[in-house]
There are 2 protein chains.
Amino acid sequence: MAASEVRALFAVASRPEVVSLAGGMPNVSALPLDAIATTMAELVGQRGPVALQYGSAQGDPGLREQICQVMALEGISAHPDDVVVTVGSQQALDLLARIFLNPGDVVVAEAPTYVTAINTFAAYEADVVHVPMDADGLIPEALAETLDRLAAARRAVKFLYTVPTFQNPAGVTLDAARRGRLVEVCRRAGVLVVEDNPYGLLAFDGELHRALRADAPADVVYLGSFSKTLAPGLRVGWALAPPGVRDKLVLAAEAAMLSHSMFTQLVVDRYLATQPWDEQLKVFREMYRDRRDAMLNSLAAEMPAGVTWTRPAGGFFVWVTLPDGIVAKTMLPRAINARVAFVPGTGFYADGNGRSAMRLSYCYPPPDRIRTGVTRLASVVSAELDLVGVFGSTTGHPPKRHAPDAAPDVDLP
Amino acid sequence: MAASEVRALFAVASRPEVVSLAGGMPNVSALPLDAIATTMAELVGQRGPVALQYGSAQGDPGLREQICQVMALEGISAHPDDVVVTVGSQQALDLLARIFLNPGDVVVAEAPTYVTAINTFAAYEADVVHVPMDADGLIPEALAETLDRLAAARRAVKFLYTVPTFQNPAGVTLDAARRGRLVEVCRRAGVLVVEDNPYGLLAFDGELHRALRADAPADVVYLGSFSKTLAPGLRVGWALAPPGVRDKLVLAAEAAMLSHSMFTQLVVDRYLATQPWDEQLKVFREMYRDRRDAMLNSLAAEMPAGVTWTRPAGGFFVWVTLPDGIVAKTMLPRAINARVAFVPGTGFYADGNGRSAMRLSYCYPPPDRIRTGVTRLASVVSAELDLVGVFGSTTGHPPKRHAPDAAPDVDLP
């Protein structure tokens with residue numbers, strides 16, 4: 001699609017009558033807004049001249065201590081000196097790309113992976129090479145094969161970018177038994193692991209997964225964020241890195257912005273220290289679990305045979321694979337016309353895969369809207385299937401086959 | 001100095017008994033903290049779900065309208081569509097460097113210039129070439145000669161970086177008669193102008209200077225900031241750019257951080273809309289003018305003959321030139337030992353000049369502290385002069401002469 005078409009599409013998709021299953025916005029309306037307002041007013045009253053002043057490039061020391069306590073929930077033992085506060089974890093990702101990537105370098109990532117990460121790596125002219133996942137996440141043996149192949153081709157692999165827990169976009173989680181193996185494969189190949197974990201605390205059964213970083217402090221750069229557990233509008237994320245990388249991150253952060261907002265950092269610090277944020281996490285978990293259930297139940301009730309999807313145990317996203325011949329991007333305008341929006345799968349691949357896949361998010365609309373949206377979407381898919389039955393493809397061309405060496409689409413039970 | 005020495009020096013310099021004339025921190029204690037606390041609490045109460053959510057990469061449209069009204073004070077007529085909100089103007093500078101600079105490119109800048117800009121350009125492996133100033137700011141004829149020389153040497157000059165009004169670090173202002181000429185020189189050479197203007201509204205006589213951008217919308221990227229007129233802890237700055245550059249800035253901002261903090265953007269928006277910020281600007285102007293007066297009067301009363309300095313009409317900084325033979329960096333540990341700190345001049349040059357110069361800031365300490373600091377500093381300078389009288393130099397070596405083609409230090413009446 002041309003940029004003008006995309007804009008026109010988004011203009012229609014943002015109308016209130018369209019159910020958006022496309023975005024990844026957390027439902028901040030569920031936050032205790034009164035408590036946040038009070039936190040802010042107290043902060044200005046008690047520490048205004050500090051909160052409104054410049055800070056250090058590494059971030060506020062008190063917040064970095066609190067961040068270490070947050071990471072301890074997922075098994076990480078870390079020192080505040082090794083934390084760098086960033087403008088969301090996106091800035092950490094961008095600074096890592098700036099530090100590590102030269103044109104022609106390779107970043108290895110799950111298939112599919114976070115779309116903005118692909119764009120960030122592409123901005124530094126690096127190539128993303130995908131490694132397949134199954135229902136238990138990234139497949140370590142496939143990772144080892146990929147790294148061997150890249151080494152044989154003398155490609156410079158700078159890091160593995162992975163979202164091991166409640167992945168965006170696939171909604172799958174790396175199995176516990178695979179975690180050590182994955183790090184070991186990277187260690188042997190001399191490849192750093194970048195573990196992006198914005199959703200880890202949103203585990204619907206409350207059982208948290210042990211972070212990759214927990215058992216491999218020298219091999220993993222861990223990225224965290226308060227965007228999903230508190231508020232993205234504060235833009236507070238962080239990186240935990242081995243000292244050599246940390247020093248470079250601090251310098252890069254200083255060059256990028258001098259210092260992060262002291263005010264938003266201290267709001268998070270005070271919120272964590274004074275508010276029952278464990279209770280708030282439970283509220284979020286239950287709310288998102290109800291929405292996940294609404295989506296999975298609707299998919300099971302409404303979708304025609306041949307459509308499959310993942311079953312996330314946390315986070316925001318379900319990955320849906322459509323029968324061969326349906327091209328999600330081609331279907332999108334018809335879906336929006338039927339008042340439901342999603343993100344086509346190809347955006348989550350650097351190699352053109354994902355044509356028959358789409359990402360659905362259940363984080364933002366309430367359950368009844370989710371059900372309405374899935375019902376509408378199922379009708380559109382059924383109509384597409386009828387077309388495929390008649391013409392063999394919704395684009396008028398025969399379905400494109402993947403090249404034999406390309407990573408397969410995620411297609412899980 | 002080694003990094004460990006610098007750290008040791010800063011540790012001592014930050015002790016309360018040391019008068020720091022080194023930093024550039026605005027005096028945020030003069031802000032109406034109660035009004036800011038109320039603004040924030042109301043914002044969360046009335047627009048919490050928007051203020052705490054993700055925003056767009058370009059920044060909030062309402063704030064961008066307000067920014068256009070702020071810029072109108074300095075003669076700029078602009079459309080909100082051409083404004084990109086950034087994490088302080090430092091992020092805008094970094095994004096511009098990212099967009100324009102390749103290794104070996106040249107950025108032309110005043111001699112001396114803002115230290116962090118030098119570091120930013122160096123991070124992208126560009127070379128900074130200085131152009132001399134006098135008491136009326138950058139000398140257009142010298143700029144034309146420099147651009148001719150660089151063109152003859154087939155160097156790729158990507159932009160002129162200039163702080164025309166109340167410059168950091170020199171405290172001088174580009175004369176009105178030179179403004180059009182400077183832009184014209186750049187236009188003829190096909191060189192973009194980057195006008196960094198964080199201090200323009202802090203004019204001590206209340207008479208604002210016309211921005212370079214006001215008369216040259218197609219030739220100038222203008223950088224603004226609320227760090228000095230409101231609070232640096234909110235990290236809200238902006239760039240106003242011609243559409244082609246603006247589009248690239250929006251994409252770069254998205255890659256760098258997805259979006260800026262909606263919360264801090266909307267705090268600035270609401271503050272401007274509901275608070276008497278014109279009155280607050282007057283408070284700041286009077287406060288900083290008193291401090292400037294305290295510094296200039298103390299310098300005149302205390303400094304030994306042979307020391308010269310600039311007379312800023314706004315902003316935060318005075319540039320002091322010491323007699324030949326005194327090396328400011330060598331003098332710094334002795335000054336800190338005498339409980340006063342400053343920034344040595346060499347940091348504001350990319351070419352090793354500025355050895356006998358120092359930047360003094362009057363923005364943060366109250367007037368009596370400024371007087372105490374200058375008195376201490378004058379004693380240290382006098383003692384250095386005695387050493388120079390005996391040994392010819394404070395370093396034990398004869399004073400280093402500038403290379404004939406190097407830009408001279410700023411040495412103004």
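This report describes a predicted model of two protein chains, A and B, from their mutual arrangement down to individual residues.

## Basis of the description

Because the model is predicted, local features need pLDDT of at least 70 and side-chain atom pairs count only at pLDDT 80 or more, whereas totals for chains, interfaces and linings use all residues. Residues are numbered from 1 along each chain as its sequence is written, chains are lettered from A and ligands numbered from 1 in the order in which they are written, and side-chain values use heavy atoms, with hydrogens and water left out.

## Symmetry and interface

Chain B is superposed on chain A by a rotation of 180 degrees with 0.0 Å of shift along the axis, at an RMSD of 0.0 Å; the fit is by least squares on the C-alpha atoms of residues with pLDDT of at least 70 in both copies. This is the relation of a two-fold axis. In chain B, the C-alpha nearest that axis belongs to Ala41(B), at 3.1 Å from it.

With contact meaning heavy atoms within 4.5 Å, 46 residues of chain B are in contact with 46 residues of chain A. The two chains bury about 3500 Å² between them, 65% of it on carbon and sulfur atoms, where buried area is the accessible area (1.4 Å probe) that two parts lose on being put together, summed over both. In chain B, Leu52(B), Gln53(B) and Tyr54(B) lose the most area to chain A, together 19% of what that side buries. Since 100% of the interface residues of chain B are also interface residues in chain A, the copies meet through the same surface.

## Annotated domain

The unreviewed UniProt entry carries the annotation "domain: Aminotransferase class I/classII large" for residues 32-375 of chain A; such annotations may be inferred rather than shown by experiment, and their positions are given in the numbering used here, with feature names shortened. The end C-alpha atoms of residues 32-375 of chain A lie 32 Å apart, and the span is 44% helix and 17% strand, helices (H or I, at least four residues) and strands (E, at least two) being DSSP runs numbered from the N terminus.

## Two helices of chain B

Helix H8 of chain B (residues 243-257) has 15 residues, which should span 21 Å at 1.5 Å a residue, and its end C-alpha atoms are indeed 21 Å apart; the expected span is 1.5 Å times one less than the number of residues. The buried residues of H8(B) include Val245(B), Arg246(B), Leu249(B) and Met257(B), buried meaning under 20% relative accessible area, exposed over 50% and partly exposed in between (1.4 Å probe, protein chains only). H8(B) is followed by Leu258(B), which has a positive phi near 65 degrees.

Helix H9 of chain B (residues 262-274) has 13 residues and reaches 18 Å from its first C-alpha to its last, close to the 18 Å expected. Of these 13 residues 11 are buried, so H9(B) is largely enclosed by the rest of the structure; among them are the charged-group residues Asp269(B) and Arg270(B). Ser261(B) caps the N-terminal end of H9(B), with a side-chain oxygen 3.3 Å from the backbone nitrogen of Phe263(B).

## Buried polar residues and cis peptide bonds

Arg359(A) is in strand E14 (residues 357-361) of chain A and counts as buried at 7% relative accessibility. Not counting residues up to four places away in sequence, the residues that Arg359(A) touches include Leu21(A), Asn168(A), Pro169(A), Trp319(A) and Phe348(A). A polar contact of 2.9 Å joins the side chains of Arg359(A) and Asn168(A); a polar contact is a pair of N or O atoms within 3.5 Å, of which, within protein, one must be able to donate a hydrogen and the other to accept it, and residues adjacent in sequence count only if both atoms are side-chain atoms. The peptide bond from Asn168(A) to Pro169(A) is cis, with omega near 15 degrees, and Pro169(A) is in the loop between strand E6 (157-162) and helix H7 (176-189) of chain A.

In chain B, Gln167(B) is found in the loop between strand E6 (157-162) and helix H7 (176-189) and counts as buried at 0% relative accessibility. The side chains of Gln167(B) and Glu110(B) are joined by a polar contact of 2.9 Å, and Gln167(B) also touches Pro112(B). The peptide bond from Ala111(B) to Pro112(B) is cis, with omega near 0 degrees.
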